[in-house]
Structure formats: structure tokens, C-alpha cells
Amino acid sequence: MKDLIDRCQPDLSLSAEMNFDFDSQTRRKLGYQLIEVVDRFFASLADRPVQPAAEDRIYPPRLSRLPETGEDPGRVLDQVCGELVDNGFHVPSAHYLGMMNPTPTYMAFLAESLVAALNPQLASLDRSQTASRIEAEAVRWVGELVGWRTAPSGTFTTGGNEANLSALAMALSAHFPGVIENGIASIGAQPVFYASMEGHHSLDKSAGLLGLGRRALRRIPVNERLQLDVQQLETAIKEDLESGKKPFCVVATAGTTSSGAIDDIPRIHEICRRYNIWLHVDGAYGAAVLFSNRHRGLVRGIEQADSVTFDPHKWLAMPFSAGLLLTRHSEVLERTFSVACPYLQKAPAGTLPDNRNISAQWSRRMNSLKLWLTLRVHGRQAYERLIDRQMRLAQSFARWVANSEYFELAAPQVLPILNLRVRATGTTPQKLDALHASIIHASIIEEVNRDGQRWISAATVNGESVIRTMVISYLTEERHLKDLQASLVAACCSLGLESKSNRVPAVQPAMPNGIQVTSVPLQNMPPA
């Protein structure tokens, strides 16, 4: 028996040999090393280039092999920090002006570090009492801004994609209660839902993943303000009903990715009410204006929605990932996602729900702490100042475009997103779009991004190619936009567009015949 007991003794040397936790001195040394890197990085962001110059960008031809033995942790950490900082693409830079990816708040960085260390598991309440309370508070704080008369419910997600998928699952569950157990076939007809031509592509992906088929998504044309055309929406619903299909949801967008357009939510709600259809608002980006008393009217009617997508990792300056699904129908949320699980204790009645029962996720990271901590430290008014300032910056940029002899706005500026096109005369719209497809994507944007200092992007808006730029970093100031304006003008000059005359540009092969571009020298550009 003694021999058996001896053989069953734990091998205490194994933990020491792996040394995953290090000793206290090593932990502190590595922690200080990382903090130094992060501190210097944050201090540099107002002027740091977004990426290396084009000729210095490194794309390794092959990946290294799995290490069999370990290396010195300090040296490895120093090496990877150097590679990521020196050669990386820096979304947090104030010169990052292309997409909806922000500079994270420092409190969010600290929160992410704490979450990684504590590793809370939010699947069940009995293992995450404090973490679940914090998440529920963050959901309530944001949800109350929507303006629902009933207490908001919801869950943190990995982003807008999961939030939209979950909202569509809820809409299906609300209209067809048997679908959760019996599947789409039990409906007996094709369920269909609606969004504008400018709505996010995650809706197409969600339709496929839910088994509806991507053709179940009806894309409705937009009006001159790039909003879902409400009249055509109603026509499409009537046609689907007459053909035996089952309309169950309309997705209104508050802040489209390409242009920042906001659909007419009150009119869409009226149609949803008339035909008994679930109204979901994809406010992943634009719903953040709810934090600003001055601008919240841009999403007037959002309180009529059944559910809302909200992405704190966009305008609220959270690092990836942090999405939110909000709803005023807590019972539908739980009915859609709740699954009996015999090996997990059920939450006591009257307390918070088990997060696994209100989410598409099971094991769940605590993505809420970074927003909760930032709101505790800075408050709503800090976000109000951020939103109001970025709206002013975008309006200033729009005025510059309106006065520019190089560019014009291709879409109304609603949120801090701007769509630019080259001013040209003597051409048809088709030839002008060919110009943009060949010149803009291949030349102007490439020239602006070539030195790595700043980054803008391209987009297609209502079928037209545009230059897309936006203000997203809380560090971006007027000087960054003036630098961008100068760079845009310089790119035009490099393409031979610097003269008022109609002479043939230097890049004649890329210019469709008959196009004339009116422009002025850089020194004569009007002030913003």
C-alpha cells in the first residue's frame, strides 16, 4: 500500500520545470518592461506613422517553425515588441483616418490586462458573480441611452457581426417560436428580411449561417441621402407577402460603414408596426451619438427598435473586441439562446441571468470591463465631448472639400465619415466612375498612403467608387486633417492634375478620353 501511495504522489517538480507563472521578480521585471513599451507607444501616437513607408513594409515569405525549447522571456518580449511597434500597422495612430478602428483608452488597456490575468468565465452566474454584475451594469448604462420604456436587456458580443446574427435569431424566434426546436423547415414558407443596399455585409453572412439562405436578405435601394428607400421597402414587403413568403425583420442602419448614412428610423418603424415585423437597428458605429445630447437626434426613433447593435470598439474607443446586442424583449433574448445544461448550476431566481442563456457564446470572455472602467473613470460627458469635437472636425473637412478645386463630396456628410471624388468635367458619369476605379484606387489613395504617415481607404457608395476618410481617433486634431489635405493635393499634383489648364495629365494612359480635371496649385488652396 505504501508503494502505491508513493507512486500516486504528485510530481511537484513538473510545475517548477514548466515555470509558466515565473517567480515574483521575473513577473515584475517583465511587467515593467511591457509597461515601458506601452507608455512610449501611447506617447508617440499623436505623430506616429500608421505604418512603414511602402518600400520598407515587411511581408515574410514563410513562417517560423514551432519552438521545441524555450528562450529568455525578456529577450523574446523585447523582440516581439520591437517588431510590432517598428514594423506594425498602427490603428491607434492619430493619422489613421480610414476605417472605424479607434485609439483605445488607456483604462481599456489596463482592463484587458486585468481580464487576461483573472480570466473570469461568464458562462454561468455562480462562477462570475462580480464579473456578471459589472457586465449587466455596462449593458444597462448603454441600453438606457436608447430610451426604451422598459428596462434594457442584452449581452456583450465579439462585435457587430455576432450582434447582428443574434438579433436576427431573436427576430426569427419572436415570429416563429417553433423554429428554435424544429428549424426553418417548420415555418412552411421562406422567411425574408430587409436592409438597404448600404447595410453591412454581416447581414448576408448571418442569413447563410442561420440557414435562411443569403437570398432571404432583400437589399432595398437607397435614396439621394443613401438612406433605405422606405417606399420601395413597403413595395418589397407587399410583393413577398403576395408570393407566400414570410417577412420577419427589417434592419435599419445607423451609420453605414462606407458613408455614415443613417436610415429614417421613424418611417421604417411605422412600416414594421403596420406589418408586424421586428425592427432591428444596426447602430454598430452610429448609435454612439446617443452619448451626445447635441447629436442624439440623428438617430431619432431608435427607441422604437426591438433590438440594437452597438460596437464600443468603434466610436467608444475600446480595443477589439467589444460588441453589444441590446433589446427591450428580455424574454425573447432568453428564449432564443437558453439551453438546459445539467453540469452547470442554474442562476437563482430573481438574480441576473446566466450569460450563456442570453448569448450565442458559451465560455465567455469579460469584454465588458474595459468599457465599464472607462465610463467609471471618464463618464458619459467625456464621450459627449469626443463626439461633438469629431463632428466639428468632419464638418470642417467637408467645407474644405466643398471649396476644393480638386475634390467634391460624393455623399452627404452625416457622421465623421467623408466620401470624396475628383472634380471632373466633360465626361459622362460612366467615364467618371471608370476614372475613379482606375485612378483613385490605384493612384491617389496609394500616393497618400505611400510614406506610411497616414492611412485612408477606398469604398463603393451606391455603386460609385470613392475615396473614404473619417475621424475616429480621439487624438486626431485639425492639424492631422490639414496634413491629409496637403497629401491629397500632392497626390493630385503627382498625377499631373496641378494646373488650371485642360492640358493632358502626365498619367494619360490611366485617364479615360475626354475627361478634364480643373484644379489649382497647392499654394492657392483655400483654407479649411
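**Aromatic pairs, a surface patch and a C-terminal-side helix**

W141 is partly exposed in this predicted model, with a relative accessible area of 26%. This tryptophan makes a good entry point to the aromatic contacts, of which a search of the whole structure finds 14 pairs. In one of them, the ring centres of W141 and W372 are 6.2 Å apart and the ring planes meet at 5 degrees, so the two rings count as stacked. The partners come from separate helices: W141 belongs to α6 (residues 129–146), and W372 to α13 (residues 369–403). Because 231 residues separate them in sequence, the pair ties together parts of the chain that are far from each other in numbering. W372 has a relative accessibility of 10% and therefore counts as buried, whereas W141 is partly exposed.

A second stacked pair is formed by Y285 and W315, with 4.9 Å from centre to centre and 20 degrees between the planes. Here the contact joins loops: Y285 sits between β5 (278–282) and β6 (307–310), while W315 sits between β6 and β7 (323–327). The two residues are 30 residues apart, and the pair links distant parts of the chain. Y285 is buried, at 1% relative accessibility, and W315 is likewise buried at 1%. The cut-off for burial is under 20% relative accessible area.

Aromatic residues also gather in a group, with F397, W400, Y406 and F407 forming one cluster.

Turning to the surface, I35, Y106 and L110 make up a nonpolar patch. Together these three residues offer about 220 Å² of accessible area. I35 is located in helix α3, which covers residues 24–44. With a relative accessible area of 33%, I35 is classed as partly exposed.

Helix α15 offers a pleasing check on geometry. The helix runs over residues 478–494 and contains 17 residues, which at 1.5 Å a residue should span 24 Å. Its end C-alpha atoms are indeed 24 Å apart, so the expected and computed spans agree. Several residues of α15 are buried, among them H480, Q485 and S487, along with L481, L484, L488 and V489. A491 and C492 in the same helix are buried too. Just after α15, G496 adopts a positive phi of about 80 degrees.

Conventions
Residues numbered from 1 in each chain as written. Predicted model: local features only at pLDDT ≥ 70, side-chain atom pairs only at ≥ 80, totals over all residues. Heavy atoms only, no water. Patch = residues over 30% accessible without salt bridge, like charges linked within 9 Å, V, L, I, M, F, W, Y side chains within 5 Å. Areas by Shrake-Rupley, 256 points an atom, 1.4 Å probe, with all protein chains shown as cover. Salt bridge = Lys/Arg side-chain N within 4 Å of Asp/Glu carboxyl O. Helix = DSSP H or I, 4+ residues; strand = E, 2+ residues; numbered from the N terminus. Buried < 20%, exposed > 50% of the residue type's maximum accessible area, 1.4 Å probe, protein only. Phe/Tyr/Trp six-rings, centres within 6.5 Å; stacked < 30°, edge-to-face > 60°. Expected span 1.5 Å × (residues − 1).
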